[in-house]
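This report goes through selected local features of one structure, with attention to aromatic side chains, internal spaces and backbone geometry. The sequence and the model come first.

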Amino acid sequence: MSENLQSYSAKGEVSNLIKRRTRFERIKIAFSKAPISAWFGMVVISLYLFAAFFAPFIAPHGEAEVFPTAYAPWGGGHLLGTDQIGRDVFSRLIFAARNTLGICFLSCSIALIIGTIFGIIAAIDRRYIDQFLSRTIDTLMAIPVMIFTFILLSVFGPSNLNLILILGVLESTRFFRISRSVAVGQVVLEYVEVAKLRGEKFSYIIFKEILPNIASPLIVEFGVRFIFIIFTVSSLSFLGLGIQPPAADWAAMVRENAILIQYAQYDITAGLTPLIPAAIIALLALAINFVIDWYLYITSGLKDDLK
């Protein structure tokens, strides 16, 4: 008994109990507690990303490869038939993942960078720069994004580069609002004041002090804006101003094969052909929403159980 008392160390006991989890362990625990809806969303998004990255290897035919038979039925050498000029529908669905996701991701990334930087600058200054940027953003937000994009594409021409830049600039107004409203509460805290007293550069205060502490709402907004940009690009493509042919796009495929719906009473597969790309867009939006809801839950401190 005396030997046990002599060898006992309270410091050693505490050190055995308190162990800081690594980042990998925290991520593993978070994923283990993820609800079914979040896992469904992550699996769907992974499949879309796989199709986007490896489209040339998994697609049975080329993106713009034309075959002799237009509107060929399902089966044979064409799993989902061909479109109005004889291109394989299934192959174009796969290539459309690369085109649509790539353009939407670039547009959303540009919007995130522009809106976040100017939003934090406005929150730090709170004088003339804040007033000028806020009033400019209010003016841009007063015009619907779809109408504004339609006008600008009509002026500058419907190219992929113009589409990315225009959507990136217009959608940055939403990131500006979010980043400014969150950063206003951070710039008055002690750690920012200490950084200023240390003589840190303005860029250091933005990227090293403020930005890491407002990242969560910006990530959530990135997911929400990504969905809206997908819908905007799809709407523009349906009208002929989005992704330009011969590049594949899901919304453009709906327009190109819409005539097949009237033949559904004779061949149900023909009626389903234009509905498949529309369902793909809806499924992607649903999956992203599921993941966003889960991420918002684990970063907001809520204690309610997700079913």
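## Aromatic cluster and pocket

F222 has a relative accessible area of 18%, so it counts as buried. The model is a predicted one. The rings of F222 and F226 are stacked, because their centres are 6.5 Å apart and their planes stand at 25 degrees. Both residues belong to helix α12, where four residues, or about one turn of the helix, separate them. F226 is also buried, since its relative accessibility is 12%.

The structure holds five aromatic pairs. Another of them joins F222 to F105 in an edge-to-face arrangement, with 6.1 Å from centre to centre and 75 degrees between the planes. F105 is in helix α6 (residues 89-125) and F222 is in helix α12 (residues 215-239), so this pair ties together parts that lie 117 residues apart in sequence. F105 has a relative accessible area of 45% and is therefore partly exposed. Together, F105, F222 and F226 make up one aromatic cluster.

The relative accessible areas discussed in this report are collected below.

| Residue | Relative accessible area | Class |
|---|---|---|
| F222 | 18% | buried |
| F226 | 12% | buried |
| F105 | 45% | partly exposed |
| D130 | 2% | buried |
| L260 | 10% | buried |
| Y71 | 32% | partly exposed |

The cut-off behind these classes is simple: a residue is buried under 20%, exposed over 50%, and partly exposed in between.

Which residues lie nearest the centre of the largest pocket? They are I45, F105, F222, F226 and I288, out of 19 lining residues. The three members of the aromatic cluster, F105, F222 and F226, are thus included in that group. The space in the largest pocket comes to about 560 Å³. Helices α4 (36-53), α6, α12 and α15 (275-300) each contribute at least two residues to its lining. By class, the lining of the largest pocket has 16 nonpolar residues, two polar and one charged.

Helix α12 is also discussed above as the site of the stacked pair. A separate contact with an aromatic ring involves R225, whose charged end sits over the ring of F228 at 4.5 Å from the ring centre.

## The cavity and the cis peptide bond

A search of the whole structure finds one cavity of 30 Å³ or more, and the volume of the largest cavity is about 30 Å³. Its lining consists of R92, I243, P245, A247, D249, A252, R255 and E256. Helix α13 (residues 250-256) gives the largest share of this lining, with three residues. The lining of the cavity divides into four nonpolar and four charged residues, with no polar ones.

P245, one of the cavity-lining residues, also takes part in an uncommon backbone feature. Most peptide bonds are trans. The bond from P245 to P246, however, is cis, with omega near 10 degrees. P246 is located in the loop between α12 and α13.

## Y71 and L260

Two loop residues can be described together. Y71 lies in the loop between α5 (55-58) and α6, and L260 is placed in the loop between α13 and α14 (268-272). The two are in contact; apart from neighbours within four places in sequence, L260 touches Y71, A270, G271, T273 and P274.

L260 is buried, because its relative accessibility is 10%. Its C-alpha atom is separated by 9.9 Å from that of L275, which is 15 residues away along the chain.

What is the sign of phi at Y71? Most residues other than glycine have a negative phi. Y71 is not a glycine, yet its phi is positive, at about 50 degrees. With a relative accessible area of 32%, Y71 is partly exposed.

## D130

Is D130 buried or exposed? D130 counts as buried because its relative accessibility is 2%. The residue is found in helix α7 (residues 128-141). Residues up to four places away in sequence aside, D130 touches A122, D125 and R180.

Note on methods:
Residues numbered from 1 in each chain as written. Predicted model: local features only at pLDDT ≥ 70, side-chain atom pairs only at ≥ 80, totals over all residues. Heavy atoms only, no water. 1 Å grid on protein atoms, 1.4 Å probe; cavity = no way out; pocket = protein on both sides within 12 Å on 5 of 7 lines; lining within 4 Å. Points joined across faces, edges and corners; volume = space filled by probe spheres on them. Nonpolar A, V, L, I, M, F, W, Y, C, P; charged D, E, K, R; others polar. Buried < 20%, exposed > 50% of the residue type's maximum accessible area, 1.4 Å probe, protein only. Contact = heavy atoms within 4.5 Å. Phe/Tyr/Trp six-rings, centres within 6.5 Å; stacked < 30°, edge-to-face > 60°. Lys NZ or Arg CZ within 6 Å of the ring centre and 35° of its normal.
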